[in-house]
Amino acid sequence: MQLVPFTNAHSADLWVDAVYQGGRTGNAGDDPLPHLVRVSNSGGFRYRGQVDELDLVVLTSSGKDPDWPDMLDPETGVYTYFGDNKSAGPLHETPRKGNELLRRIFDLAHSGLDGRRQVPPIFLFENTGEWRDVRFLGLAVPGTADLRASEDLVAIWRISKGSRFQNYRARFSVLNTPTLSRAWIEDIIAGNPHSSNAPEAWSTWVRTGQPRSLFATRSLEYRTKDEQIPRQSRDLAILKRVHEYFRENFHAFERCAAKFSRLLLPDIADIDLTRPSRDGGRDGIGRLRVGSGPSSILVDFALEAKCYNVSAGVGVKDMSRLISRLRHRQFGILVTTSYVNVQAYREIKEDQHPIIVIAGVDIVMLLRNDGYADPGSVQTWLEQNFVLEK
């Protein structure tokens with residue numbers, strides 16, 4: 001990990017995943033971002049210029065807000081960032097004008113070449129949790145290659161203290177630019193982002209609208225137990241609430257597993273749950289729609305649901321049961337409130353079995369993204385959607 005001292009911030013280049021140290025005096029002056037890119041020393045949204053004429057935008061996040069989980073997917077290069085209307089109030093009337101900023105830059109990004117030339121460079125940073133140190137995540141542009149213009153900036157509903165309100169969920173592409181030179185940063189500050197010092201990936205996006213994303217293929221083909229179980233106590237409480245709800249009737253969890261499958265794969269056309277003890281090794285069978293309209297096709301899959309305590313993983317026997325029931329050209333979905341042990345996970349990866357694993361950490365993520373970020377709201381969701389027989 002590259003570590004840049006606070007004293008070097010004013011002259012440093014920006015390297016992806018490098019940590020830029022803040023000062024150690026214990027006040028706002030410790031923030032390295034004003035020295036790195038000449039922005040203010042507070043807030044998740046920081047920018048140079050005015051909202052209607054931006055020179056540069058910095059988005060920062062702790063990545064630890066359970067209600068608004070900003071997140072970088074390093075495998076796809078997609079960064080999800082939530083706006084700043086995080087309590088009941090008008091969508092665009094926020095103190096730092098963050099949501100208005102998002103609306104403007106996404107509108108410009110979808111307005112052709114002239115619009116894209118007005119989109120400011122967007123720098124992504126994440127707080128490390130050490131003093132005011134930050135990690136540089138990359139240079140971003142609005143939108144992604146696989147989302148329509150109507151899908152990359154979406155106003156989603158939340159409830160706070162009994163009142164409904166909206167906030168933005170924005171999707172950005174992190175460009176394949178491992179290093180941003182100090183010379184280009186100074187050009188941006190001087191009002192010339194399209195100088196000869198601009199990185200090629202940025203210039204290409206401005207010219208064509210096609211992002212060249214920074215992809216990072218996983219070197220570890222299977223997830224460890226720690227990667228499948230939530231780390232935060234609040235997330236563990238959510239998972240425990242799901243497990244406890246179905247503790248007296250694990251078969252009822254199959255309907256919940258089907259719901260999680262739909263949340264992960266919205267294009268599922270249908271799922272038929274089989275009867276207990278007569279399922280032929282599958283808790284459900286379904287079809288996933290690939291494509292749209294008359295050209296679409298339906299691909300069959302088998303569903304297996306395991307409502308286990310987080311201390312009990314899905315083993316080779318359980319996994320083999322699902323694998324043996326997969327028919328030609330089918331894939332499998334295994335949903336568990338715990339984890340798949342290393343041996344079983346390694347087996348499905350090494351033998352290239354077409355199985356999607358939705359583990360405990362994935363369940364929490366799906367619930368969060370659907371607006372249920374605490375045990376209380378998850379309990380309400382369970383009671384409304386899965387009425388248990390007494």
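Which residue in β8 is the bridge partner of Val57? Select Val57 together with strand β8 in this predicted model, and the partner proves to be Ile122.

**First stop: β5, β8 and β9**

Display strand β5, residues 53–61, and strand β8, residues 122–127; the two run parallel and are joined by five bridges. Strands of a sheet pair through backbone hydrogen bonds, either parallel or antiparallel. Next, add strand β9, residues 134–142, which runs antiparallel to β8 and is joined to that strand by six bridges. At one point of this pairing, Asn127 stands opposite Val134 in β9. Then select the connection: β8 and β9 form a hairpin, with six residues between the two strands. Within that turn, Gly129 has a positive phi of about 95 degrees.

**Second stop: β7 and its partners**

Move to strand β7, residues 78–82. Four of its five residues are buried, so the strand is largely enclosed by the rest of the structure. Show strand β6, residues 71–73, beside it: β6 and β7 pair in the antiparallel sense over three bridges. Selecting Met71 leads to Thr80, its bridge partner in β7. This pair of strands also forms a hairpin, here with four residues between β6 and β7. Gly77 lies in the turn and has a positive phi of about 75 degrees.

Now bring in strand β11, residues 163–174. Five bridges join β11 to β7, and these two strands run antiparallel. To locate the pairing, select Tyr79, whose bridge partner in β11 is Phe172.

**Third stop: the five-stranded sheet**

Select the strands β13 to β17. They make up an open sheet of five strands in the order β13-β14-β15-β16-β17, with mixed pairing. At the edges are β13 (268–273) and β17 (355–358), each of which pairs on one side only. From one strand to the next, the twist averages 20 degrees.

Start at the β13 edge and show strand β14, residues 284–290: five bridges join β13 to β14, and the two run antiparallel. Ile268 has Leu288 as its bridge partner in β14.

Add helix α8, residues 253–264, which packs on the sheet and touches β13, β15 (297–306), β16 (331–336) and β17. The direction of α8 makes about 170 degrees with that of β13. Then add helix α9, residues 316–325, which also packs on the sheet; its contacts are with β15, β16 and β17. The direction of α9 makes about 155 degrees with that of β15.

**Fourth stop: helix α7 with α11 and α12**

Two packed helices are described by the angle between their axes and the distance between the axes. Select helix α7, residues 233–245, and helix α12, residues 375–385. Their axes are 9 Å apart and the packing angle is about 30 degrees; α7 and α12 are therefore roughly parallel to each other. The crossing of these two helices is right-handed. Show side chains at the contact: Ala237, Ile238, Arg241, Val242 and Tyr245 in α7 meet Pro375, Gly376, Val378, Gln379, Leu382 and Glu383 in α12. By class, this contact of α7 with α12 has seven nonpolar, two polar and two charged residues.

How is α7 placed with respect to helix α11, residues 360–369? The axes of α7 and α11 cross at roughly 95 degrees and come within 10 Å; the two helices are therefore roughly perpendicular to each other. Here Asp235, Ile238, Leu239 and Val242 in α7 meet Gly360, Ile363, Val364, Leu367 and Arg368 in α11. The contact of α7 with α11 has six nonpolar, one polar and two charged residues.

Keep α11 selected and colour it by accessibility. This helix is mostly covered, with seven of its 10 residues buried. The buried residues are Gly360, Asp362, Ile363, Val364, Leu366, Leu367 and Arg368. Following α11 is Gly371, whose phi is positive, near 100 degrees.

**Last stop: Tyr222**

Select Tyr222, in the loop between α5 (200–208) and α6 (225–228). Is Tyr222 buried or exposed? Its relative accessibility is 16%, so Tyr222 counts as buried. Not counting residues up to four places away in sequence, Tyr222 touches Glu227, Val342, Tyr345, Arg346 and Lys349. Finally, place a distance between the C-alpha atoms of Tyr222 and Arg346: the separation is 6.0 Å, although these residues are 124 residues apart along the chain.

Terms used
Residues are numbered from 1 along each chain as its sequence is written. This is a predicted model: local features need pLDDT of at least 70, side-chain atom pairs count only at pLDDT 80 or more; totals for chains, interfaces and linings use all residues. Side-chain values use heavy atoms; hydrogens and water are left out. Axes are lines fitted to C-alpha atoms, for helices over the stretch in contact, and angles run from 0 to 180 degrees between N-to-C directions. Angles under 35 degrees count as roughly parallel, over 145 as roughly antiparallel, 65 to 115 as roughly perpendicular and the rest as oblique. A crossing is left-handed if the near helix is turned anticlockwise from the far one by less than a right angle, and right-handed if clockwise. Contact means heavy atoms within 4.5 Å. Ala, Val, Leu, Ile, Met, Phe, Trp, Tyr, Cys and Pro count as nonpolar, Asp, Glu, Lys and Arg as charged, and the others, Gly among them, as polar. Buried means under 20% relative accessible area, exposed over 50%, partly exposed in between (1.4 Å probe, protein chains only). Two strands pair if DSSP finds at least two bridges between them.
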